[in-house]
Amino acid sequence: PEIRNHSIIRDNYNIKDKKIITFVSRLIKLKYPDHFIEVLNYLKNKNVNFLAFVVGEGEMKNELKRLCNLYDLNQNIVFVGAKNQEWLSNLLSITDLFVCPLKGRALIEAALGGCPIVAYDIDWHSEFIVNKENGVIVDFKDIENLSLESYNILQNNKLANFYGKNIRNTALKYADMSKLIDYENKCYDEL
């Protein structure tokens with residue numbers, strides 16, 4: 001994360017003293033992007049100074065924009081569409097919070113970027129995120145706690161840095177090619 005070009009994002013979006021909150025996913029019901037908007041509304045009501053990035057496209061984009069209008073979030077959110085890996089890695093390297101209702105590869109990417117993560121306890125999230133050690137896991141569809149834990153991370157830089165460092169270390173262990181190959185060979189041997 002420290003070798004990325006932070007100015008690409010900061011300068012283009014005129015980010016000075018704002019917290020960066022990121023959501024990366026297809027914008028479909030299965031991924032719960034509306035829950036991300038609910039978290040942002042909570043944070044806005046708590047007077048958190050932030051800019052949120054929604055990276056991705058999908059059938060819910062217009063519905064999400066309407067929800068942003070309803071909550072008066074338009075000054076706090078940018079729908080950037082699909083982006084390439086270089087752009088995304090630059091964003092993730094300056095992200096203060098990655099909100100993860102349901103993710104696949106994006107969860108690993110955020111972790112490799114050293115992003116503090118708050119996620120629902122669904123699918124494989126709790127196999128990767130150890131609650132309160134390298135991120136925060138909340139009950140599935142518990143928007144209230146997803147919001148509260150997001151707020152707590154954004155209010156505590158020491159905690160955010162702790163989670164970011166630990167989740168990156170976890171991701172590096174998961175992404176170690178030699179270990180992955182050894183594991184794959186072991187699986188084949190057991191067949």
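Mentor: Let's begin with a term: patches are made of residues with over 30% relative accessible area and no salt bridge, with like charges joined within 9 Å and nonpolar side chains (Val, Leu, Ile, Met, Phe, Trp, Tyr) within 5 Å. A salt bridge puts a side-chain nitrogen of Lys or Arg within 4 Å of a carboxyl oxygen of Asp or Glu, and accessible areas follow the Shrake-Rupley method with a 1.4 Å probe, where for residues only the protein chains shown count as cover. This is a predicted model, in which local features need pLDDT of at least 70 and side-chain atom pairs pLDDT 80 or more, while totals for chains, interfaces and linings use all residues. Residues are numbered from 1 along each chain as its sequence is written, and side-chain values use heavy atoms, without hydrogens or water.

Trainee: How much accessible area do Met177, Leu180 and Ile181 have together?

Mentor: Met177 belongs to helix α9 (residues 177–190); helices (H or I, at least four residues) and strands (E, at least two) are DSSP runs numbered from the N terminus. Met177, Leu180 and Ile181 form a nonpolar surface patch, and their joint area is about 290 Å².

Trainee: Is Met177 buried or exposed?

Mentor: Buried means under 20% relative accessible area, exposed over 50%, and partly exposed in between (1.4 Å probe, protein chains only). Met177 has 55% relative accessibility, so Met177 is exposed.

Trainee: How many disulfides does the structure hold?

Mentor: A disulfide needs a pair of cysteine sulfur atoms within 2.5 Å. The count for this structure is 0.

Trainee: How far from Cys68 is the nearest cysteine sulfur?

Mentor: Cys68 is in no disulfide, and its nearest cysteine sulfur belongs to Cys100, at 19 Å. For Cys115, also in no disulfide, the sulfur of Cys100 is the nearest, at 11 Å. Cys68 is buried, at 0% relative accessible area, and Cys115 is buried at 0% too. For Cys68, then, the distance is 19 Å.

Trainee: Which residues of α7 are buried?

Mentor: Helix α7 (residues 143–155) has 13 residues and reaches 18 Å from first C-alpha to last, close to the expected 18 Å; the expected span is 1.5 Å times one less than the number of residues. The buried residues of α7 pack against β1 (19–24), α2 (33–45), β4 (97–100), β5 (117–120), β6 (136–138) and α8 (157–174), where contact means heavy atoms within 4.5 Å. Those residues are Leu146, Ser147, Glu149, Ser150, Tyr151, Ile153 and Leu154.

Trainee: Leaving aside neighbours within four places in sequence, what is Asn76 in contact with?

Mentor: Asn76 sits in the loop between α3 (61–70) and β3 (77–81). With a relative accessible area of 13%, Asn76 counts as buried. Beyond those neighbours, its contacts are Lys44, Phe50, Leu51 and Ala52.

Trainee: What separates the C-alpha atoms of Asn131 and Asn47?

Mentor: Asn131 is in the loop between α6 (125–128) and β6, and is partly exposed at 37% relative accessibility. Asn131 and Asn47 are 84 residues apart along the chain, and their C-alpha separation is 26 Å.

Trainee: Which residue with a positive phi follows α5?

Mentor: In helix α5 (residues 105–112), Ala106, Leu107, Glu109, Ala110 and Ala111 are buried. These pack against β1, α4 (85–94), β4, β5, α6 and α8. After α5, with phi near 75°, comes Gly114.

Trainee: Leaving aside neighbours within four places in sequence, which residues is Gly164 in contact with?

Mentor: Gly164 lies in helix α8 and is buried, at 5% relative accessibility. Beyond those neighbours, Gly164 is in contact with Gly114, Cys115 and Pro116.
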